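Work through the exercises below with the sequence and the model side by side, and try each task before reading its solution.

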Amino acid sequence: MLITGGKSFYRIEKKSVNTKSIYAALLAVLVPLVCYFIVKRSSESAIHMPRHYLADSVITTVKNGKQSTDTVWHRLPEISLINQLGQKVSWKDIHGKIIVADFFFTHCPTICPALTTSMKKLQEGITNAKRVGNNTPDFLHLISFSIDPERDSAERLKSWADRFQVNPDQWWLVTGNKKNIYDMAIKDMKIWIEDGKGVDTDFIHTDIFVLIDTSLHVRGFYHGLDENSVTKLSEDIILLTLEKDPKEKGFLADKLQLLAVAFLIAMAAVGVFLFVFRKKSKHVSSGPEKK
């Protein structure tokens, strides 16, 4: 009976140790796999970001025998403007912010009031949930460029802004050098506008809202008079707030090789553990029975 009981106790203890070894093996395998999927998910998330537009050049480099390409995206040039408050402003004054731009003029007899109304809804629809009290999003700035700067003085822009209750802290209506504004639209944003030479019905411009990221790269074009398109613009603005600075490497950046090594070490440790455990188990089971 003692012998049988001893064997039963040994089987229970052996079973318990076996269970622990299985758990240890599973843990050693699962941890690297979880890390791998975290990295994979992180890299795939960039696919859903608003795409870049307007490339300046593509640089091809060869490192360690591996060829890679890097696109240099067009950056909007600096421009000096005057806003509705009569203040001199430029991109530098809103550095680090996401920007939505459009083009209008205050004598516009057609789509401009509707465009400003749509931009107003966009402004009101995006808030900063992290703020208490004042929830104005500090990550976003809106700019409406006048394509009739010769007649659209700061005073006239202020009158238009008051009509639509524009918040100047978040939204500028701007005038300035006519050539610079037209170059910005046509050459740098690829938005077609045409001077009407004082005849309001001869001015040509589109209803396009342009999405610009914190690096002054164009990231999207949206129809300001299309509700679905403006909704997509709102979604893309939020996505850009989640985009990391390409110059800043994430915590898991360049760590795939390290994770692979950790996985191999873990598997080797499990193999050694199981080998030693089985050797001890055979030694115990082959020993003399106590009577």
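Three exercises follow, each with a worked solution.

The model is predicted, so local features need pLDDT of at least 70 and side-chain atom pairs count only at pLDDT 80 or more, while totals for chains, interfaces and linings use all residues. Residues are numbered from 1 along each chain as its sequence is written, and side-chain values use heavy atoms, with hydrogens and water left out.

**Exercise 1.** Determine what share of the protein's residues count as buried.

Solution. Begin with the cut-offs: buried means under 20% relative accessible area, exposed over 50%, and partly exposed in between, with a 1.4 Å probe and protein chains only. By this criterion, 34% of the 291 residues are buried.

**Exercise 2.** Identify which members of the largest nonpolar core touch the most other members, and which strand gives the most to it.

Solution. A nonpolar core is a set of buried Ala, Val, Leu, Ile, Met, Phe, Trp, Tyr and Cys residues joined through side-chain atoms within 4.5 Å. The largest one has 54 residues, and those touching the most other members are Trp91, Val100, Leu122, Phe145, Met189, Ile212 and Ile237. Strand 5 (residues 98-104) gives the most to this core, contributing 6 residues; strands here are DSSP runs of E, at least two residues, and helices are runs of H or I, at least four, numbered from the N terminus.

**Exercise 3.** Locate Asp162 and classify its accessibility.

Solution. Asp162 lies in helix 3 (residues 154-163). Its relative accessibility is 45%, and therefore Asp162 counts as partly exposed. Finally, Gln84 is 78 residues from Asp162 in sequence, yet their C-alpha atoms are 9.7 Å apart.
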